[in-house]
Structure formats: structure tokens, C-alpha cells
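Hi everyone, thanks for coming. I'd like to walk you through one model today, so let me put it on the screen.

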Amino acid sequence: VFFPGWLMARGGIGATAFLLMVWALQLLPLSMAMVLFYTFPVFAALFSVLLFKSRLTMISILWLGLTFLGVVVISGLRVGDNFFGMIIALIGGLLAGLTVAIIKELRYETGSVPIYFSLCAVGTLITAGPFLMNPQVPVTMMDWVLIAGTVITSFVGQMLMTHGFKFCQSWEGGMLLSTEVILTVMIGVFFFGDQLTLQFGIGSLLIFISVLAMQLGIKHQAP
């Protein structure tokens, strides 16, 4: 069942998920924060079934599990890290999964721009108070370049993601979004000199296998 309030819920829940992810990155190693946050495809699948009566087959659950395993392998999940930070990252993943499920449902009746604007509008309201209490503005030219780059790439990425959910299930889109882990590591390799390891190769292969199998399954089921 669709409720008009889902549009504002998408903005509030999505903004909260993003803020929790940033908070988790401050509390945990990058690999730990990413693997916990990228549990969101699993939560997206669960919320789609519970809230929007989507159908999820056993083979779909298998590909979801394989995707999550690939993220774990790439990120190198470790025990003994900050437990509070782990909880924050996991809650962020849960809310991100709910956001993905809502976006998919909204795409039946709403365009990409209003959906994205809801994130900007509610996110601005959420962050306005903390910013006004401790305002910080860019100082150097490099600061402005980094901020401009972040704004442009985030806008393009959000618009493409939102538009794409018109053509796939929420859990399918979540699996595809998990490739962000691979892309993040690749940027680190090419631009920041990070080492390309066997661990990364195995994790990448697991994710690509699950995504490829999912796409082949969709084509096979298509009339």
C-alpha cells in the first residue's frame, strides 16, 4: 500500500542513514564500517516483503547471501572493534535498506527529481541546527574543489540510482549498489596507491557472480 508520506519518509530515513554511516566511519575502521553498512540489500529485501508484498525466491536469497559474503571478504571483517560503532553502522544499513525499499515503491508514481529533492529538503532540516551551532565553511581552494566534486558526483549518483529503481526490484538494486565497495577500492588503487590484493579479487568475483546470475535469472523469467 502506498502512502503519500512515504516521500518525506524517504528523505528523513535516507538522511539519517547517511549521517549514521558518516558517524560509523569516525568510530570504526573503514572496512568494518563498510561491511556493516552494506548489509542494506538484505534489509531492502526484507522491508520490500514486509511492507510492499514483494516476492523473494530462495534463489534470490542465495544471491543476496553471496553478495554479502563478497562484501565481507573485500572489507576484511574483524572482531574486537568498537561495539557501539558497529551498532551505529548496522542501524545505518537497516535504514538504508528501508530507504531503498521505499524508493522502489515511490518510483511507480513519482519521478526521480521529487524523490531526490525529498532527501535534500529533509536532510537540510536535520543538519541545519548542528551547522548553525558550529558553522564551518571551506577555507582553501582545494576544500571548495573537494566539496564541489562531492556535490556533483553525489547528485549524479543519486539521480541514476533513483531512476534505476524503476526497472528492478529493491533487493536487485541493492545488490547492484553493493558494487560500490569494488569501485571504492579501485579508486583507492588507482588514485591513492592502495594495494590490489587477492582478498579484493575473491570478494569482487563473488559479487559479480551474484549480480550476473541475478541478471540472467531476470532475463530468463521475462516473457
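I'll start with the whole chain and then turn to one helix and one arginine in it.

A word on the basis: this is a predicted model, where local features need pLDDT of at least 70, side-chain atom pairs count only at pLDDT 80 or more, and totals for chains, interfaces and linings use all residues. Residues are numbered from 1 along each chain as its sequence is written, and side-chain values use heavy atoms, with hydrogens and water left out.

The chain has ten helices and zero strands; helices are DSSP runs of H or I with at least four residues, strands are E runs of at least two, and both are numbered from the N terminus. Of its 223 residues, 41% count as buried, meaning under 20% relative accessible area with a 1.4 Å probe, protein chains only. Take the contacts (heavy atoms within 4.5 Å) between residues at least 6 apart in sequence: 88% of them join residues at least 24 apart.

Now to helix α1, residues 6-27, where we find Arg10. Does Arg10 sit buried or exposed? Arg10 is buried, at a relative accessible area of 2%. Leaving out residues up to four places away in sequence, Arg10 touches Thr99, Ile102, Ile103, Leu106, Ile115, Ser118, Leu119, Gln158 and Met161. Other buried residues of α1 include Trp6, Gly11, Ile13 and Leu20.

Finally, a geometry check: the 22 residues of α1 should span 32 Å at 1.5 Å a residue (times one less than the number of residues), and the end C-alpha atoms are 31 Å apart, which agrees.

Key
Buried < 20%, exposed > 50% of the residue type's maximum accessible area, 1.4 Å probe, protein only.
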